[in-house]
Amino acid sequence: MSFYQQYGIVAIVAVFGALLYAVIMLVNRIMRPTIPSPLKLSVYECGVESEGVGWSQMNIRYYVFAFLFVIFDVEAVFIFPWAVIVGDLDATTRISPVFALVAMFLFIGTLLEGLAYAWKKGVLTWE
Amino acid sequence: MAIDWLAIAPEVALTVTALLVLAADLALRGDAKQLVNPLAMIGTVVAIVFAVVLWAEAPRVAFEGQYVVDSFAVAFKLLFLGTLLAILAISARYFAEGRYFQGEYYFLLLTAFIGMLLMPSARDLLVLFIALETVSVPAFVMVGMRKRDLYSSEAALKFFLIGVLSAALMLFGMSMVYGFTGTTRLEGIAQALAGDAGSVPLLLGSVMLVIVGFGFKISAVPFHFWAPDTYAGSPLPVAAMLAVASKAAGFAGLLTIAFVAFEPVADVWAPVLGVLAILTMTLGNLVALQQRDLIRLLAYSSIAQAGYMLIPFGLARPGAEVVNQAAVRAVLFYLIAYAVMNVGAFAVAIGVNRRTGERSIRDYAGLGTRSPLLALAMTVFLLSLGGAPLTVGLWAKFAIIEAVAVEVTVFGLVMASFLVVNSVIAFFYYLRVIREIWFEPAAAEAPRLQPALSLSVVVVVLMVGTILLGVLPGLVADPTVVTTFATGG
Amino acid sequence: MTAHDLVFVIVGLVTAVSAILVVTSRHLMHAALYLALTLTGIGGVFLVLGAGFIALVQVVVYVGAVAVLFLFGLMLTRAPIGREALDSQNRGLGLAVAGALFVLLAALIIPAFGGESTAEVTGPTIEAIGIAIFADWVLPFEVLSMLLLAALIGAILLARREAGESGTEAEVTRIEMGEALADEPDRHEAVGTSAPAGELGAGGGR
């Protein structure tokens with residue numbers, strides 16, 4: 001498939017999705033009754049009036065989680081092409097399936113030790 | 001696909017050790033954690049054995065020419081591993097007493113050294129870049145390890161920001177070089193540069209960007225200003241690592257990339273690096289004169305030393321085999337000498353600083369009575385850094401002059417005269433510390449120092465090495481004469 | 001101008017405009033979100049150039065993870081992040097540097113690559129990338145795992161709150177500065193004692 005065929009379909013799906021959304025919202029707007037009142041903009045009856053600003057300082061633990069996510073995200077990026085090829089490998093390809101398997105599991109195993117470290121040091125639990 | 005395991009045996013040994021150290025840190029509790037230090041040492045010794053075996057086996061080409069173990073690479077590997085052993089020995093008590101993050105520290109230290117071992121063997125831009133980052137990333141963290149100390153945080157932040165900026169510039173340069181030459185192999189780049197590509201302005205700019213990235217690592221002016229703050233704020237063994245091993249790794253990378261990949265355009269980068277050499281040594285020495293803190297003094301002195309080591313780069317010319325080989329040898333010999341004397345100086349600083357927290361030059365007053373061994377060793381190391389006779393420092397400077405003399409040029413003579421003038425300036429501040437050590441009375445409350453056994457051993461070995469090589473420089477100079485770049489596949 | 005060029009120009013414009021918005025936005029959070037959009041746009045550029053896998057990596061790693069890390073980082077550091085005066089008063093300088101860099105790069109890149117003949121782009125397939133990683137680049141690949149592990153350990157080490165075990169510290173540094181700063185001992189004092197002495201002692205209990 002050429003570039004246009006491949007991504008043309010994606011583009012059509014995207015445009016169709018956007019259109020669907022627009023049409024539904026439009027129909028909604030046409031059909032619903034519109035009676036604006038200031039009460040409707042207030043917090044729900046049982047809620048507490050909000051005070052101050054919405055920003056607050058976060059716990060540093062979130063950062064550790066986010067960082068763990070980045071590291072394993074990068075790992076996933078390498079697993080993806082590996083997963084695509086590993087099934088097709090045999091004696092005729094440039095690399096043997098065993099080689100690819102060992103290479104990938106060394107990579108994953110190394111990073112697993114990092115996960116074990118995080119676990120042992122208690123950064124994965126929320127006290 | 002067959003892997004040449006022997007070629008990467010030292011790296012594998014260090015990797016296994018690093019992973020074991022981390023596992024041991026998780027398994028051990030309390031004081032038993034101190035066992036990670038001997039564990040790391042055993043791994044280092046194993047790696048040294050492999051490197052010595054490789055010395056006889058060189059040259060070996062592995063990974064289709066990405067990775068070459070020639071005598072140049074093995075010499076560097078032995079230099080790094082020896083430094084690692086010394087740093088492990090001087091770290092032991094420092095980290096055990098401070099109850100630092102011992103397991104993490106030794107893991108990060110070993111990881112940084114894996115990157116260093118890869119550096120002189122890398123014959124591919126990608127491998128070179130990964131190696132460089134493997135040196136840098138653990139170093140960023142190690143510098144910031146003293147988390148409650150704002151100086152440490154400042155040191156780490158400065159180091160990180162400048163390190164990342166230079167890595168980005170270098171990567172941009174590398175991508176342009178790849179885009180233009182169509183290969184990441186250093187040999188292939190050299191071939192492309194020898195052809196038409198050598199005259200394209202963009203490519204020459206990219207070559208300079210790549211070289212600039214290494215300029216940060218070796219703290220050459222104008223990329224030097226992180227060094228004093230970072231050395232001063234980091235744990236002292238880490239400062240020693242940055243000043244010696246990390247700098248040597250930068251030089252290893254710079255040597256390979258300059259003399260293998262960019263050799264055909266040497267007439268473009270050589271004058272630039274030569275001018276940088278002059279600026280670096282002059283600025284480093286002049287600022288060092290103003291310092292009151294010994295670590296900052298050593299930092300500026302190490303900047304100046306980097307300037308000396310850049311001189312041979314200024315001599316390089318495309319196609320001039322003899323000149324270029326002499327330049328590579330001079331840098332290598334200087335680095336070995338520099339490692340011996342500078343690790344020694346930092347070891348003494350750790351011995352003095354460990355319990356007392358003293359680090360200003362004033363605090364070294366009367367060291368001669370407080371600890372004759374440390375005082376004597378510091379004197380030898382400082383004299384050697386200055387380049388006094390009977391120390392290896394003299395021969396290191398002589399090696400550079402020798403490289404200049406291979407083919408005398410006006411620019412070479414200018415650089416050599418700067419070297420001589422700067423050496424004289426440097427003696428002022430080295431001698432000031434020595435005067436403080438021997439001729440000033442110790443403060444009344446200053447305790448006698450009892451350095452740890454491992455630290456004393458390191459100091460004595462390095463002191464003997466400084467003098468022994470000062471008398472018989474051939475011990476190192478002769479084996480490194482065979483040092484040449486083997487061609488990758 | 002082919003349709004391909006048109007798509008490229010559109011994607012490039014989106015990227016460039018959002019990049020400008022990153023630096024002009026007065027709201028820190030908006031700036032971070034524009035950055036995410038810029039990174040997505042770069043992913044789009046890769047896609048248009050036929051490098052589908054790289055585009056995927058760009059979106060998964062940069063938009064999915066790094067931008068999130070960025071937002072977390074912002075929320076961590078400056079407690080109330082509102083519409084603050086983010087202007088560092090260096091607009092002129094920033095514009096000059098950016099402009100000079102643009103002109104320099106354009107002057108270097110256009111003559112260097114401008115003469116290349118254009119061809120329909122075909123990026124490598126994901127299979128080719130997979131084979132290349134394991135056949136040609138297995139050494140840097142494995143070293144990368146150590147690099148990532150070091151980054152992971154380092155981030156945890158710096159971010160975690162130390163409890164017992166290996167958490168205590170040595171003395172705070174006292175650095176002797178050069179002549180110039182020696183006259184202001186107050187500054188040293190302030191920095192040196194910023195870590196409460198009691199806390200230092202308490203941690204070392206184990």
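**Chain C, overall fold.** I began with the order of elements in chain C, and reading along the sequence I found the pattern α-α-α-α-α-α-α-α. This agrees with the count I noted for chain C, namely eight helices and zero strands. I keep in mind throughout that this is a predicted model. I then looked up burial and noted that, of the 206 residues in chain C, 25% are buried. For the contacts in chain C with a separation of 6 or more, I noted that 58% are between residues 24 or more positions apart.

**Chain A, domains.** Next I looked up how chain A is divided, and found domain 1 at residues 1-34 and domain 2 at residues 58-127. I recorded a distance of 37 Å between the C-alpha centres of these two domains of chain A.

**Chain A against chain C.** I turned to the interface and found 38 residues of chain A in contact with 40 residues of chain C. Which elements of chain A give two or more residues to the side that touches chain C? I found that they are helix H2 (60-86) and helix H3 (97-120) of chain A, and that H2(A) supplies the largest share of this side, with 17 residues. By class, I entered 30 nonpolar, four polar and four charged residues for the side of chain A that touches chain C.

**H3(A) with H6(C).** I followed one helix pair across this interface, H3(A) and helix H6 of chain C, residues 138-159, and noted that their axes come within 9 Å and cross at roughly 5°. An angle under 35 degrees counts as roughly parallel, so I entered H3(A) and H6(C) as roughly parallel to each other. On the H3(A) side, I listed residues that meet H6(C), among them Leu106(A), Phe107(A), Leu111(A), Glu113(A) and Tyr117(A). On the H6(C) side, the residues that meet H3(A) include Phe141(C), Glu142(C), Met146(C), Leu149(C) and Ile153(C). For the contact of H3(A) with H6(C), I counted the classes as 14 nonpolar, three polar and two charged residues.

**Chain B against chain A.** I then looked up the contact between chains B and A, and found five residues of chain B in contact with seven residues of chain A. On the side of chain B that touches chain A, I recorded five nonpolar, no polar and no charged residues.

**H9(B) with H12(B).** Within chain B, I looked at helix H9 (residues 226-233) and helix H12 (residues 294-315), which pack at an angle of about 140° with their axes 8 Å apart. That angle makes H9(B) oblique to H12(B), and I noted that the crossing of H9(B) past H12(B) is right-handed. I found Ala227(B), Pro228(B), Tyr231(B) and Ala232(B) of H9(B) meeting Ile295(B), Arg296(B), Ala299(B), Tyr300(B) and Ile303(B) of H12(B). By class, this contact has eight nonpolar, no polar and one charged residues.

**Asn37(B).** Last, I looked up a single residue, Asn37(B), whose place is in helix H2 (residues 36-57) of chain B. Is Asn37(B) buried or exposed? I entered Asn37(B) as buried, because 21 other C-beta atoms lie within 10 Å and the cut-off for buried is 20 or more. Not counting residues up to four places away in sequence, I found that Asn37(B) touches Leu88(B), Ala92(B) and Tyr106(B). I also noted the distance from Asn37(B) to Tyr105(B), which is 68 residues in sequence and 9.9 Å in space, C-alpha to C-alpha.

Notes: Residues are numbered from 1 along each chain as its sequence is written. Chains are lettered from A and ligands numbered from 1 in the order in which they are written. This is a predicted model: local features need pLDDT of at least 70, side-chain atom pairs count only at pLDDT 80 or more; totals for chains, interfaces and linings use all residues. Two residues are in contact if their C-beta atoms, placed from the backbone, lie within 7 Å. Helices (H or I, at least four residues) and strands (E, at least two) are DSSP runs, numbered from the N terminus. Ala, Val, Leu, Ile, Met, Phe, Trp, Tyr, Cys and Pro count as nonpolar, Asp, Glu, Lys and Arg as charged, and the others, Gly among them, as polar. Axes are lines fitted to C-alpha atoms, for helices over the stretch in contact, and angles run from 0 to 180 degrees between N-to-C directions. Angles under 35 degrees count as roughly parallel, over 145 as roughly antiparallel, 65 to 115 as roughly perpendicular and the rest as oblique. A crossing is left-handed if the near helix is turned anticlockwise from the far one by less than a right angle, and right-handed if clockwise. A residue is buried if 20 or more other C-beta atoms lie within 10 Å of its own, exposed if 12 or fewer, and partly exposed in between; C-beta atoms are placed from the backbone. Domain bounds come from an automatic or database domain assignment.
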